[in-house]
Amino acid sequence: MPRAQSPKPKAAYVELHCHSAFSLLDGAALPETLMARAAELGYPALALTDHDDLGGAVRFALAGLEHGVEAIIGAEITVCHPERSEGSARADSSVASLPRNDSHLARADSHLVLLAETREGYGNLATLITQARMQQARGEPSVTLEQLARHARGLFALTGCPRGWVPSLAARGEVDAACEAAATLLDIFDRRVAIECWDHGLGEERETARHLIAVARALELPWVVTNDAHYARARDRAIHDVLACLRHEKPLDEMGTRLRPNGEWYLKSAAQMARRWQHAPEGVRATLDVAERCAFRMAHLKPTLPAFPLPPGVTADEYLERLVAQGAEERWGPGAESREPRTGRHDQQIGHELALIGKLGLAGYFLIVWDIVRFARRRGILCQGRGSAANSAVCFCLGITAVDPIKLELLFERFLSEDRTEAPDIDIDFAHEEREEVIQYVYQKYGREHAAMVCEQITWRGRSAVRDVARVLGFSVEQADRLTTLSDRFSARATADALRGKEDDADVPGGSSEPVLGGARALQETSAGQLGCAQQCHGALAHLRFSALGNDTAENRSAVVSPPHDGRREPNTGGLTAWDRPEPKAAYEPYGNPPAQETKLNYWEDPYAKQTHNERRNPTTAFRSREPTADSRAPGIIERAGLDPKDRRVQLLPDLVEGLHQLPRHRSIHVGGFVLTAEPLSTVVPIEPASMQDRTVIQWEKDDLDPVGLVKIDLLGLGILTLIQKCMAYVRRTRGVTVDLAHLDMTDQAVFDDLCRADTIGVFQVESRAQMNTLPRLKPRCFYDLVVEVALIRPGPIQGDMVHPYLRRRAGLEQVTYPHPSLEPILKRTMGVPLFQEQGMQVAVACAGFTPGEADVLRKAMGHKRSRERMSAICQKLVDGMERNGIPKDVAMRIYNQINAFADYGFPESHAASFALLVYASAYLRHYYAPEFTAAILNSQPMGFYATGTIIEDAKRHGVRVLPIDVRHSRWDHTLQRPRGAGGSRLGTGDSTAVPRVPSPRSPAPYLRLGVRIISGLGSKAGEIYERARADGPFTSIEDFVRRTRFDKRALRHLATAGAFDAFLDEPDLGKRRAALWEVLDAVRGDAGPLAPRSRLSARQARQLSGPKGRPSSAAKPRRSMPLMSPAELTEADYRMTGVSLNGHPMMHLRRLLQPNGVLSAAELAHRARDGERVAVAGLVICRQRPGTAKGFVFLTLEDETGMVNVVITPKRFERQALLISTTPLLLVRGTLQIEQTVVNVRAEQFRALQAEVGAEHARSHDFH
Amino acid sequence: MTLSEARGLCAALEILPWDDVAIDAAITAVTASLVAASPQVSPVAGAPGMWWVGASGFAQGDEPGIAQSLLRIARAWHPRPRVAIAGSCVAARAATWSAPGNRRGGGVLVPAGTDAQYLREVPLSLLPMDVELREALQALGIRAVGGFADLDAGDVEQRWGHEGLAAWRLAHGDDPRRPVLARLDQPPHVELELATPAASMEPVLFLLRPAIERLASQLARAGRAIASFSITLTLDDARGALPTARAHTVTREIRLPRPLARAAPLLERCRGLLGRWPLTAPVSAVRVTVLLASPLSADQGSLLDTSWRDPGAADAALERVRAELGADVVVSPAARDAYAPERAGTWSNAGDAPGPTAELPNRPNYPNHPNHPKDNDKRSFSGNSGDLVVPAVHSGAALRLLAAPERVDVDRDPEPRRVFWRGRALTIARAVGPERLAGDWWQDGYAREYWRCESDEELGELVLYRDAGGWWVQGWYD
């Protein structure tokens, strides 16, 4: 492997024992930081030896390639062995005679450093870690000596830290025992062992080292010096101490000698090590020999996919070709009812794709994915590919994706090309309730030895960092809470800046004050200064595979990492560093400020020239305005939290918080990423059990996979697919209509009418407030409009101020122009506005002369979770390239800004198209089958944007007849019931055998019968009990219900209060529920006391007195009359029990009070009020939003008995009455009406809480998600 | 009010976790203080902050006086206490919420025999009952106690059983609870209940103090002294919210060699008795009854008389020393877990209750590893394989620290060879080091290199360190 040129002569020392932050809570530096420091020190190599973990190995190796430092992969393994007192530590040379780890023996854990010499050794190391993790209790990994012996080949062992087996014996002065232990290791590793010594300035260590060297000499073993590094620089010791505190769950003051006695555990220079070991320099020199032996590099990993089982005599390519041909016939063939008949173009595209797949040897991969999709289909699990796979005709023919890429002219090369070095990425969405079935199928099919899920490394964010550091420093819980609330930012670094009072300079390293500690910031700045921010290395390089780097390392490096910014602004480039994430102009729209955008002559103007980025803040607590305050003495966060800024600990707080920036905190499971390998996966990467049952995860994140050539398949859960799946099943049963998503009429203008009206509650992707505001402006009239709509309301286009220009151009209010003629073909279909990732790639190729490979790097940066850092790395190259192509610098910068906006997540066109299909499908089903759609969405809860009550209110407004809960008819789930006169029976949504099939597609719309599940507080097992009891026949009375279900009193009371028993009682409507409750209480009580029998009839007497048809026995005996409920009480009871009322909206009861005071209903507002008019509205708050893209503006949605009202609140007004707005369920708002193209908003000025016991407090709202 | 709302009103709000022990202690203290107003005081079980105080047995028409007396005592604990006097506990409790009475700040008096009538208009929430019953009644539309009282007893019992019936009886003012019934012809006594049953005698002793003080002063005012008294403990074998069964009591009598009017020696007798009294069940109440009183004599006590010996004499002596020399002069040594020698020990006030004993490591235990035994693991600091072992250079020697390190000059090569200290040149025969210690960076941090130096003098082993300021002697082992 070629090395990069190093400016320094190589040092005569290699650190062979070094922990990164992946030794969770015992390492204070990221792998990249350690490598950067190693390069500064001139190390020829550095070993990574995390505790039972290889999570940082890929990042470490990539950073090593970047810095020209050889990355030795290793780990410090925990070995479990019997205490020496139990017998011999060594029994001859036979592994079989090693001490047994019998459970009755006392056991001790020791540490052993293992370094990979060869590929086999690496595989053994990963296997050992897997066994340590999988076979022991969670969080207590260890392997036995027997396991070690079985997997020792290719590994070189160091005797480890003071907790090592040999050193601990030596430290006790038991030199003979230490010799025996070392000899055991010597046998196991076939003399590939070295004794490890250290000196951190402690007398104890020096004494131990003296014994250890004696052991080495006695056994003629080499001995090496290490510094057992746990952080990169001495000043990082504070961060390590903080981590130690978190591990012990104690504040610093109580740690005592649990902390290390000094700060010597950092990467030291060769000169320092030589000075310290001047009395025995051979130990320092020997490190080079060991490093030389450990020649394994991550680039040697060549994992392969499992072979797909094929019919005899058929190759994978042939089999794939057959399947594709068959699929093409189904998609475009004569019988396919397709509006897009098969042409030569189709065949040409398929041929092209198959040829490329064959050339890249990916047929097996496609077959594996096809097989997973086939399994889902067989099980009736709705699924659909998303992402760039939708660009492929092969995927379309295999049924993996549902969007026709040829019809939509999608770019196949976005998905797969020869230039791309990594495997294509296929993400598949499954109906979320059944996804686990698919996951377990994959495990079962390929075996847990070959399949595992990808992990997600959770790092410290602003909130967690402040809370943990405050706790460690000894602040009270309340102080920590206050600090957390006040300083809440997304990243720990930005939070640290906020604590320093650098509110508006968050994430601008150059603006930072000098830290009190030497700290992480200083390190990062220094590292960045020389090398590009160390923590960016992984992100910036993750797109590169080791093989690619091996061929063209220097070129790739220069392509990606240049310019080596020091993280500070550079005036010549307009300050466009990674830290300059754009921020929209003052906005009152979720996607930007129309006036601000409209006033521009050319939207390509840099909208961010004078702005800096502010990170997302907690929407409910971040009240403070971000505008610079006129009063320079205004208290900062520290003061507002009631802390003394002069206090030493308070001063330390920001630096410690920043020190945790991006450090891994714990490991979680990726949302759906799977990796499969032909060889045992544990020889590629350690596997460990996930917190979820029956799941296993690898120790690498998704960004670690590409560099080593692991292929990931994303098996994701998507609620809308569950909804559509259920809805289609209901429609089949109620109407006899089979809806085929693949053959929907995509031009149905009635569906588009709904979308244009923003009548989209429950519709996938376009039900949010921002989408609903855009729809009437965009006026979608064809499928591609929906693709644009989906892509448009995303943080990327919003922050890039692309929304309003696009809408204005679409409305013909603005001329379609292009910043450069070369961009016209690329941007024409989106009216000159870049909306999709593909366009970003094409712009880079056309304007900056990027190769497709480099454009792909750009694309990956745009979609990467650490994309801001990566985009920054590519920035200069893009701008330089454009300048070389004759594009003026200012234009180049504007183009860059637009593309940079995608760093906040833009969609690829194919992905938007896949989602748009679901948008249309859900809108279609909602339009034509509203009862079924409503039943499906209610039975799929929790999902979507709106609460049950809002969905039902909306369904009622769309003519769905909703029937109340009635235990005689209601099932646990919501059901559909045939209208009277049309058969009259319930049609059901559950078991199809119980439902008569209605052949006619013209069957009338069914009624929606609310299910018992909507009643709160029935318990998790109630559904099963209820359905089981119901299977014996309909309930005939309250007593019958109580007897058969044996629900507890609380559940029965809820049922009675919700009106589920109303049908059993002959009472006035307003008296039924209390009467039912009185009866329930009577029926549920056991044996009566001495007084009760006198006033009761026997059961037999009651039956005799009961009326015909088994009418309720309660009618036969005198019942004490309870007070009647008022209509408002009825609504209140409904909302309290179910979150919705069929007896009237809460606002209905207040209308007679509000109307005389000029408060308009939603319907009146829409039809009578005028733009600019001052109005008053009131309603139930069903939605509160404060998008990160809206600069503090808050958006409320109020619901009343006639519809919904949108309210916009400026940041200042919100801050003044934040608590009221955030917590009041019923709100009266006065403000100014704003109407724009049928979009109606009230710009709020005054707020008043409405106090009324009408159930509003029980309504659920969608708040600040 | 939610926590966030409270924080909104008061930024400096300090929120303390619920602490049963502290609350019990506070209740016991208030109980003891209320004895000044009435000899029958019972904290209400399950309702911290509420007491039943016996008002019967006092002169007719003196209720306002008792109320004022109680209010005066209670104001030491709460700025706006509420007091009500009624024929039943349920009516009294409901009446404490009467707004007019509260505004006047003079308590509320419910006329005798009108409890049931008074309760009819009282909100249902003021009637003690099971939460489920209350919710059910509210769901039935019943809002006031009268509505509940109007239900048929059989219906109530059928639906809510005995507990419902008990609540229904309360709704009629029929409350069996009483603080303690006092009779005028009873011998002088004080009866007190504990907030929660105590498994030890400590809280009992705490309550005995005001009880005995009250009795002693009561008799002293009448020119009499206590010659014999008894202590009756009510044991909590089965204690519910409503007393339903006869309590299990145990009584011991104390006969004094001579009558006493001072509370202190009486208390000593009590302390001795309680110390020998084995408890078979937790104590829920205590009663002190004067069995025999005689005229008060003028005898003086004698320090030489063992019956007058005061076990608290040592404490008193130390108190005297503190009074003379300052509050913090009496101290005892305690070990601390720290690296720096001067931080490895501390002095704590001798009078302070000893805190939890710190478990100290034998040796520095620095290797911090995730697999490091947790603090609750018995292996912690017990010399496990991860601990470093210091060579036994000075095992058994005591470290004498100077009050403050003293600056010295050192000849070194590279180890210290001679130390110039207090005008003397000490030749170092053997030096062990350096030992690098640096820590406490979050407060007043330090960074030193330590040497232990054997000198030829009689000083033993000197403890030297070097920091940015030079060389220092910190102490020596002897």
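Here is a short walk through the cysteines, aromatic rings and ring-facing charges of this predicted model.

Start with Cys395(A). You won't find a disulfide here, or anywhere else: the count over all chains is zero. The nearest cysteine sulfur to Cys395(A) belongs to Cys397(A), 9.4 Å away, whereas a disulfide needs the two sulfurs within 2.5 Å. Cys395(A) is also buried, at 0% relative accessibility. Hop over to chain B and pick Cys453(B), which is buried too, with a relative accessible area of 0%.

Now for the rings. The whole structure has 27 aromatic pairs over all chains. Select Phe375(A) and Tyr441(A) for a stacked one, with centres 4.0 Å apart and 5° between the planes. Phe375(A) sits in helix H13 (residues 363-378) and Tyr441(A) in helix H15 (residues 435-446), both of chain A, so this pair ties together parts 66 residues apart in sequence. Both residues are buried.

For another geometry, jump to Phe945(A) and Tyr946(A): their ring centres are 5.0 Å apart and the planes meet at 70°, so this one counts as edge-to-face. Phe945(A) is buried at 12% relative accessible area, and Tyr946(A) is buried at 5%.

Next, select Tyr1026(A), Phe1035(A), Phe1041(A), Phe1047(A), Phe1061(A) and Phe1064(A) together; ring pairs link them into a cluster.

Last stop: charges over rings. Show Arg260(A) with Trp265(A), and you'll see the charged end of the arginine over the ring, 4.8 Å from its centre. Then bring up Arg448(A), which lies over the face of Tyr443(A) at 4.0 Å from the ring centre.

Notes: Residues are numbered from 1 along each chain as its sequence is written. Chains are lettered from A and ligands numbered from 1 in the order in which they are written. This is a predicted model: local features need pLDDT of at least 70, side-chain atom pairs count only at pLDDT 80 or more; totals for chains, interfaces and linings use all residues. Side-chain values use heavy atoms; hydrogens and water are left out. Buried means under 20% relative accessible area, exposed over 50%, partly exposed in between (1.4 Å probe, protein chains only). Rings of Phe, Tyr and Trp (its six-membered ring) pair if their centres lie within 6.5 Å; planes under 30 degrees apart count as stacked, over 60 as edge-to-face and the rest as tilted. Helices (H or I, at least four residues) and strands (E, at least two) are DSSP runs, numbered from the N terminus. A charge sits over a ring if NZ of Lys or CZ of Arg is within 6 Å of the ring centre and within 35 degrees of the ring normal.
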